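Reader: Could you take me closely through one small sheet, strand by strand? After that, I'd like to know how it sits alongside the rest of the model.

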Amino acid sequence: MDRVSKDGDTKRLPGSKAGSPIRAEQETARPVKKEKAPLWERALDKLGFEADPDFRMPDLSPANIWSGTKSAASDVRTVMASKPAAYDKPLFIIIMVLVIVGFIMMSSASYAYAFNQYQDSMHFISKQFLYTVPGIFLMVLFSAISPEKFKGKSAYLLWIFSLFLLVLVFFMEKKNGVNRWIFIGPINFQPSEFAKFTAILVCATYISCHYKEINMVTYKSQKAKRFAAKNGFLKWVYCLYRSFQTAVWPFLWRILPILALLIKEPHLSCTIIILLIVGTMMFLGGTRWEFFFMLFFVAVLAVFLIVVWGVVPYGRTRFEIWMDPFADAKGDGWQNVQSLYAISSGGIFGAGFGNSRQKYMYISEPQNDFIFAVICEELGLVGAIVIILIFVAFIWRGFALSLANPNRFQKFVGIGITSQIGYQMILNVAVVTNLVPNTGISLPFFSSGGTSILMLLAEMGVLLAISRSSPNKVI
Amino acid sequence: MINVIQSFITKYIGKIRGYFIRYKRLDRFSARFSWLTVVIAVCVLAIIGNLFNLMVFNGEKNQQAAASQQLKTTTIPANRGTIYDVNGNKLVQSAAAWVVSLEPKTLNAEYSAEELEAVCHTVSEILGMSYETVLSRSQYNSSIAKLTVKADKDQKDKLMAYIYRDAYTCKVQETGEDGKKKKVEKVFLAEEIGSKVIARGGDFYINGKYIGLSDDSEIELRHEEKYQYIKGIILQNDTNRYYRDHPIAVNVIGYTNFDNEGSQGLESYYNEELRGVDGKTRTAKNSVGGEMPFEYNDSSTKTIDGNSITLTIDSKIQIILEKYLRQAVTDNKVQNHAAGIIMNVNTGAVLAMATMPDYDPSDYQTVTDPVALKKINSIQDADARKKAVIEAQAEQWKNKAVNDTYEPGSVFKPITMSSALEEGVTKLDDTFVCKGYRIVGKRRVKCAKTSGHGKETLIQAMMNSCNPALMELGLRLGVKNFSKYFKSYGLTAATGIDLPGESSGMYHPEEEMTELDLAICSFGQSMTVTPIQMITAMSAVVNGGYLLKPYVVEKITDPNGNIVMSNQKVVRRQVISKDTSDKMRDILEATANKGGTAHNVYLPGYRIGGKTGTSEKIAKQANTKTKRKLYVASFCGIAPIDNPEVAVLIMLDEPQGTRHSGGSIAAPVVRGIFSELLPYLSVETIYSEEDLRLMDTLVPSVTDKNKEEAVQILEKKGFNVRIIGNGDTVTAQIPSGGKTAPKSCTVVITTGSDGEIPTVTVPDLIGLSPSRVAYAVKNKNLNIRYTGTGYDSTSGLSSKQDPPAGSIVEEGTVVTVEFTVDGIND
């Protein structure tokens with residue numbers, strides 16, 4: 001029970017430690033470069049990014065993360081005191097690589113389908129381009145805004161606005177049988193993408209303001225303290241009760257309205273992603289393990305209900321398809337089967353860029369949920385792994401920067417955004433490879449979707465802004 | 001060893017313990033974050049591992065499945081080569097056709113029994129097939145059941161219009177009986193619902209009327225102009241054989257089967273040449289069936305059309321042969337098909353070759369032979385009937401001239417005689433005595449004329465077709481020499497003609513041949529030959545002794561017209577000297593002239609040689625009851641005999657008419673053939689006085705002329721004149737002006753307006769002697785035109801007449817009566 005009373009990281013900050021001796025050695029041994037900076041650095045300079053001559057890649061080896069985290073915070077303090085940091089260049093580069101590669105692959109994957117559906121090969125490409133360009137401006141804009149601006153009141157205002165939008169979709173016309181879009185003239189907007197971001201903001205706000213309460217149980221009264229002191233079990237029960245009040249319920253009421261509206265839409269994939277993001281934030285925020293075990297059992301029960309009783313329409317069928325997509329390869333299993341065909345057709349080196357055959361109306365929506373199958377077919381195992389590794393690099397960088405950020409709100413917003421990208425990537429690839437049942441999750445930066453790319457780039461702007469406040473000298 | 005393992009374990013246990021200790025020291029956030037890292041790492045590793053599994057280790061199956069669904073192999077069928085006759089007339093050619101097949105599984109899955117019946121009914125109507133056939137094919141236990149390979153464009157268009165419709169389709173979610181929700185494809189025919197179709201959200205309106213689909217259905221309405229409304233019917237492009245309106249040389253050319261592969265005859269023999277190479281293009285198709293912009297050059301092959309064949313067969317000659325042979329088969333009730341060959345004696349080129357009754361190559365399974373049909377229809381048991389049909393089919397597809405053997409009988413006699421002449425065991429002025437039989441060893445071998453021919457010369461022996469004389473020649477030759485010439489004439493081996501399934505006859509091998517065998521063989525019994533062997537040997541007898549290789553294909557040309565292969569005259573060997581051959585020609589001409597057994601082949605103006613043959617068949621089991629003997633009547637004619645050009649062999653197997661001898665029934669067929677063939681070949685005619693007297697001349701028109709003047713004109717032409725009426729000008733005449741009539745005719749003319757030519761009934765003139773016919777005709781004031789042979793001797797018998805008995809004609813009309821020499825024992 002001793003962990004209950006721990007007060008997060010504040011108590012444990014040694015404060016005096018500033019990097020290991022080895023690192024110090026390295027720093028001194030390193031000659032200061034005074035030559036002309038490389039081209040890409042100068043290019044970034046022009047874009048308004050400060051090139052730091054002392055910049056070097058942070059040590060992100062697992063061992064360092066594993067063992068060095070406890071000293072990370074202290075490093076952070078030192079850095080904060082020293083100098084306002086620049087944008088994190090590696091993160092920016094990774095984002096731009098994802099956006100460009102994503103756009104190129106989306107173009108390749110979509111044109112055949114677009115031509116078949118709309119007699120216009122450029123249908124998705126031009127649309128995506130029209131959203132990506134303002135998206136990049138939005139990213140630059142958000143990266144210049146201090147993330148602190150999203151904290152507190154503004155977070156709740158955005159949250160209320162997203163709820164409003166989520167209600168508004170039900171007054172809009174249905175498309176493909178679902179209420180998912182808001183149509184304003186030629187523009188259509190998907191509020192669920194926005195809702196993800198606001199959920200991250202409100203949860204991060206709560207964590208940053210109530211970190212102590214989440215992590216430490218306080219007795220409400222002396223009576224309660226006496227009650228809990230009777231024996232270990234009662235103390236545990238009381239702890240759970242208090243912890244639920246401070247570490248579960250506040251999250252629940254912040255996301256439940258969003259989830260309810262999303263299920264009504266219905267938009268199952270977004271619901272799952274929000275659950276995962278908020279769950280991760282709660283987990284890192286310090287919510288007790290017991291709730292996650294409970295959540296696990298609830299999830300098992302839910303799967304059982306869906307599969308055996310068929311509570312959710314489509315649930316059982318989807319489960320059956322997942323178990324054996326080839327049983328009904330021409331019918332319900334079509335999507336999964338065609339996706340598997342495409343992936344296997346890729347082989348090690350792929351058919352070459354633009355040479356996917358499965359994208360010719362075999363893969364359903366090759367520009368969207370199943371774009372990864374097209375990537376596998378065109379770029380092969382090598383290309384697919386490279387793309388996964390770019391995502392991993394992003395996740396790594398995003399987490400590292402979030403961790404290094406001394407501001408807890410920014411830290412958790414960073415974790416939320418990074419984990420959103422990570423979960424979407426993992427789930428998308430898992431769906432496409434039939435590892436998990438089909439839920440319709442898009443692959444960030446790759447899948448076509450105006451709102452999606454716009455929101456993603458805005459979030460990337462926020463992440464870059466967070467990276468500014470993260471020390472890039474340390475770690 | 002154990003130490004190593006121990007130290008290893010302790011080392012790593014220590015390391016792992018180290019991690020645990022470090023973990024314990026972490027603050028809560030960091031500890032939790034390390035958990036998150038582990039979870040994400042496991043997930044990433046899992047998806048990468050799965051990708052390895054799908055793309056490297058276990059991807060082959062999916063890869064193939066993807067390729068097979070994407071690749072569409074289109075076969076561009078090669079055009080089968082055309083078959084031309086020697087003059088370049090198309091006998092058989094290929095043209096586009098469509099293969100229609102059913103997919104029984106799809107049909108039965110898609111349609112209920114009644115619906116299926118309706119579909120089958122429509123399809124059978126379009127294709128002109130029987131409904132039962134289509135229905136039974138639809139129940140086949142296979143993925144594809146072919147209906148026809150030769151649907152023409154019209155049928156194809158009709159079928160397409162039936163299968164593909166203008167329709168609206170949409171996928172709709174429906175709750176099935178079991179409570180499951182399913183996606184169902186709904187189809188609305190455009191013709192049924194009109195044009196106003198609105199699908200909005202989950203609602204569906206047609207012509208403003210709500211169709212009422214569930215609210216949560218996903219509607220994506222598609223207008224498909226060519227929606228496959230009827231499923232389970234496949235149309236494929238192909239080629240098909242097209243024949244002349246009245247196919248000729250059917251048994252020589254053969255037919256192509258269901259798969260457009262040559263199955264009989266030349267189609268089968270030259271299948272590889274004719275077939276060509278089907279082109280294959282492998283195109284990638286998208287899910288909707290359209291083409292993908294990928295090329296599969298590696299696996300596509302070019303279409304190479306088949307080579308064309310030019311035959312030595314001349315369609316005009318073939319038509320002549322078939323006309324007479326077909327007539328002979330019906331006239332003589334031939335039970336076991338008849339064969340005919342016309343061959344160029346100097347080159348071995350077959351000018352015509354026929355088997356009768358023939359069949360329709362585009363409907364080759366239907367049995368056409370009335371004899372076989374009668375037999376089949378009398379069988380009650382279905383299985384036995386089926387078997388009989390199969391047998392009859394095999395029989396009708398045979399090319400009897402090449403595939404069947406028979407005992408040549410007396411037609412063989414020139415072979416023996418020429419051998420004897422060549423060996424010098426006999427001379428032209430040799431004499432023989434026929435007692436009606438000859439004793440060979442202990443056996444008494446009879447002559448056809450049991451009373452005997454008496455004393456006769458060598459030529460007379462052939463004219464009489466005398467067996468004892470030929471036996472004498474055979475015995476003089478001896479086994480060794482006889483066998484030598486027998487082999488030399490190519491009768492022991494197939495001729496090598498370029499036709500499939502050529503057989504070769506049975507014969508007595510030299511070492512086993514007894515004297516009796518030799519004697520019997522000398523007049524063509526107890527051994528068998530094929531008609532093509534026989535005519536080849538006969539050609540050698542008359543063409544100077546050269547045994548040729550018969551052939552039916554003149555050349556093979558590729559689609560660009562280059563000659564791939566051409567056949568030329570191949571002399572296999574010289575069997576007899578030119579001198580012997582000259583003598584044989586004289587002998588054969590004498591045989592075909594007056595007094596010879598082959599006289600029925602006589603044609604005024606032409607010099608024809610020939611030999612008749614009648615061989616007795618060993619009675620079949622079925623015919624033992626009737627005790628009726630079975631014969632093969634044959635005739636081999638050569639014309640012109642002084643400078644041989646063509647040989648004609650006719651073989652009638654089992655004639656059951658009133659007469660059965662080759663001289664009576666086969667020779668007139670050959671005469672008929674020659675009567676058309678020789679003018680076609682522009683053989684020069686030289687008429688004897690007798691011929692000229694009987695020949696037709698043009699009757700001058702004398703109507704509207706003065707009576708005296710008319711008589712003068714007609715008499716000047718050699719006609720007799722009979723005048724009816726007593727006017728001065730001629731008003732009518734029979735035979736009328738411009739027609740031809742024999743010179744000895746009496747022309748009836750009427751004068752004045754009251755004169756009318758009286759009508760008479762034509763009497764029955766068949767089966768009468770020439771004198772009685774002449775009397776009957778004279779009696780009715782009719783004119784007679786003699787055709788055939790034997791009208792100038794007592795042995796002649798009328799066999800045909802025109803106009804037929806009982807028809808009413810005007811007096812003076814020319815009645816054509818055909819005579820044949822009767823009572824021929826050959």
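A small mixed sheet and its surroundings

Author: Let's start with one pair of strands: S28(B) and S31(B), residues 746-751 of chain B, run parallel to each other over five bridges. Strands count as paired if DSSP finds at least two bridges between them. The elements are DSSP runs numbered from the N terminus, with helices being H or I over at least four residues and strands E over at least two. Bear in mind that this is a predicted model, where local features need pLDDT (the predictor's confidence in each residue, from 0 to 100) of at least 70 and side-chain atom pairs count only at pLDDT 80 or more, while totals for chains, interfaces and linings use all residues. As for labels, residues are numbered from 1 along each chain as its sequence is written, with chains lettered from A and ligands numbered from 1 in the order in which they are written.

One of the bridges joins B:Ile723 to B:Ile749 in S31(B). Put the whole thing together and you get an open sheet of three strands in chain B, ordered S28-S31-S29, with mixed pairing. S28 (720-724) and S29 (730-734) of chain B are the edge strands with a single partner strand each, so one side of each has no neighbour in the sheet. From one strand to the next, the twist averages 25°. Helix H24 of chain B, residues 707-717, packs on this sheet and touches S28, S29 and S31 of chain B, its direction making about 155° with that of S28(B). Contact here is C-beta atoms, placed from the backbone, lying within 7 Å, and axes are lines fitted to C-alpha atoms (for helices, over the stretch in contact), with angles running from 0 to 180 degrees between N-to-C directions.

Elsewhere in chain B, S24(B) (residues 609-617) pairs antiparallel with S25(B) (residues 630-639) over nine bridges, with B:Gly610 standing opposite B:Gly637. Seven of the nine residues in S24(B) are buried, meaning 20 or more other C-beta atoms within 10 Å (12 or fewer is exposed, in between is partly exposed; C-beta atoms are placed from the backbone). Chain B as a whole has 25 helices and 36 strands, and 42% of its 826 residues count as buried.

Now over to chain A, with 17 helices and two strands, and 46% of its 475 residues buried. Helices H7(A) (residues 191-209) and H16(A) (residues 408-432) have axes that come within 8 Å and cross at roughly 145°. By class, their contact has nine nonpolar, four polar and two charged residues; nonpolar covers Ala, Val, Leu, Ile, Met, Phe, Trp, Tyr, Cys and Pro, charged covers Asp, Glu, Lys and Arg, and polar the others, Gly among them. H16(A) also holds A:Val431, which counts as buried because 25 C-beta neighbours lie inside 10 Å. Beyond four places in sequence, A:Val431 is in contact with A:Val436, A:Asn438, A:Thr439 and A:Ile441.

One caution on confidence: chain A averages a pLDDT of 79, and 79% of its residues score at least 70. Residues 1-29 of chain A have pLDDT below 50, with 36 contacts in the model beyond near neighbours in sequence. Residues 47-84 of chain A also stay under 50. Where pLDDT is low, predicted coordinates should not be read in detail.

Conventions: Two residues are in contact if their C-beta atoms, placed from the backbone, lie within 7 Å.
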